[in-house]
Amino acid sequence: MAFPGTTAQRPQLDVVYEAEVDWVVQTLRRLGVPERDQDDLAHDLFVVVHRRLADYDPTRPIRPWLFGIAFRLVSDHRRRVRHHREQSVAVSDEAADPRSTIDAQAHARHALGLVARALDQLDYERRAVFVMHELDGFSIPEIAKVIDAPLNTLYSHLRRARQQFRAAVEALGIEPEADHG
């Protein structure tokens, strides 16, 4: 997301926070951060944003920059906290459409929980590439800039992540959608 009027000046921290805090928490969840740690890591992320906002190029989209910060914070967090992998049952607020029926909401929550469980089967680097590419729509060259990794390594991570995700989905008994392409 580019911020209006940011070609000449950087956005203020409060503007970035308001526009991106929900996306940041969702990204942390997708990267496997347990719910109990998401608020703390989101806070830490915005502390880093505050310190490094002068380094941000306002002519570029901010989400890849934020993802890079999140990626490094989560990597550090995983090294510091030696905890067992938890099965996340992430439920996005986006799934709860008030116009939907209760059955549709329950189905959406269940589906999101299954996706989160399948994501839990991916190792961290592959998961990060998979989330950025498949869920957030970033290109591999954009991811390479964020993660500071060689393109071929990232293409390999993405290929293997897709294989692991597909296997996890099958193991969970989820019917994959037909390939339309």
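**How α2 meets α3**

Let me begin with one pair of helices: α2 and α3 pack at an angle of about 125°, and their axes lie 10 Å apart. Please keep in mind throughout that this is a predicted model. Angles over 145 degrees would count as roughly antiparallel and those from 65 to 115 as roughly perpendicular, so with the angle at about 125° the two helices, α2 and α3, are oblique to each other. As for its hand, the crossing of α2 and α3 is right-handed.

Which residues make this contact? From α2 come D37, L41, D44, L45, V48, V49 and R52, while α3 brings W65, L66, I69, A70, R72, L73, V74 and H77. Sorted by class, the contact of α2 with α3 has ten nonpolar residues, one polar residue and four charged residues.

Now let us stay with α2 itself, which covers residues 35-52, has 18 residues, and reaches 26 Å from its first C-alpha to its last, close to the 26 Å expected at 1.5 Å a residue. Its buried residues are D37, Q38, L41, A42, L45, F46, V48 and V49. A general point may help when you look at that list: an α-helix has 3.6 residues a turn, so residues three or four places apart point the same way. And what covers the buried residues of α2? The cover includes α1 (13-30) as well as α3 (62-80).

Finally, stepping back to the whole chain, there are seven helices and zero strands, and of its 181 residues, 41% are buried. Among the contacts in the chain with a separation of 6 or more, 68% are accounted for by residues 24 or more positions apart.

Note on methods. Residues numbered from 1 in each chain as written. Predicted model: local features only at pLDDT ≥ 70, side-chain atom pairs only at ≥ 80, totals over all residues. Heavy atoms only, no water. Helix = DSSP H or I, 4+ residues; strand = E, 2+ residues; numbered from the N terminus. Expected span 1.5 Å × (residues − 1). Buried < 20%, exposed > 50% of the residue type's maximum accessible area, 1.4 Å probe, protein only. Contact = heavy atoms within 4.5 Å. Axes fitted to C-alpha atoms, helices over the stretch in contact; angles between N-to-C directions. Parallel < 35°, antiparallel > 145°, perpendicular 65-115°, else oblique. Left-handed = near helix turned anticlockwise from the far one by under 90°. Nonpolar A, V, L, I, M, F, W, Y, C, P; charged D, E, K, R; others polar.
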